Amino acid sequence: MYLLFKSLHLIAIVSWMAGLLYLPRIFVYHVENNEKKEAVNIFLIMEKKLYFYIMYPAMFFSWIFGLVLISINGFYSLSFLWLKLKLIFVILLTIYHLYLGKCIRELKENTNQKSSKFFRIFNEIPTILLILIVFIVIFKPM
């Protein structure tokens, strides 16, 4: 069962990360085309579907399968430094995810004050966290 849940966890993570990396790029195009009503309407639909239909379920299943893996390994595994660090970074990814939802709301309500440059730079956060998580999980520092 462990390998099944590990596989499901990885599939959910890949799906979630794809959304975390792609959604801010859509924001860049949305902001750069804000005067084009037809384009904005398309971006709003893309943002909503990506966030609510792909990213939220992927985040949910990433957490569920991750917690199942922890329970299979035993909750004593929470004493490992590498797992604590991973959980901290996953919590940061979750906060990032929720902030993207706030950005969607601001773009929808036309109250966004952020530039496309902001979203280009902001888009690097999940990449950095992903790199840290992968190295932590592979090398497992005690």
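The buried residues of helix α5 are covered by parts of the chain that include α1 (2-32), α3 (81-108) and α4 (116-122). Keep in mind as you look around that this is a predicted model. A good way in is to follow α5 itself, then step into the nonpolar core that α5 helps to build.

**Helix α5**
- Helix α5 takes in residues 125-139, and its 15 residues should span 21 Å at 1.5 Å a residue, which agrees with the 21 Å between its end C-alpha atoms.
- Which residues of α5 are buried? They are P126, L129, I133 and I136.
- These four sit on the same side of α5, because they cover an arc of only 95° around the axis.
- Turn to the face pointing away from that buried side and you will find the exposed residues I128, I138 and F139.
- Just after α5 comes K140, which has a positive phi, near 40°.

**The largest nonpolar core**
- This core has 31 residues, and the ones that touch the most other members are W16, L20, L23, F27, M55, L93 and L100.
- Two or more residues come from each of α1, α2 (37-73), α3, α4 and α5.
- Which element gives the most to this core? That is α3, with 10 residues.
- As general background, nonpolar side chains in soluble globular proteins tend to be buried together.

**A closer look at W16**
- Leaving aside residues up to four places away in sequence, W16 touches M55, A58, M59, S62 and W63.
- On the same terms, W16 also touches V90, L93, T94 and H97.
- Among these partners, M55 and L93 join W16 in the list of core residues that touch the most other members.

Technical notes:
Residues numbered from 1 in each chain as written. Predicted model: local features only at pLDDT ≥ 70, side-chain atom pairs only at ≥ 80, totals over all residues. Heavy atoms only, no water. Expected span 1.5 Å × (residues − 1). Buried < 20%, exposed > 50% of the residue type's maximum accessible area, 1.4 Å probe, protein only. Arc of directions from axis to C-beta. Contact = heavy atoms within 4.5 Å. Core = buried A, V, L, I, M, F, W, Y, C linked by side-chain atoms within 4.5 Å.
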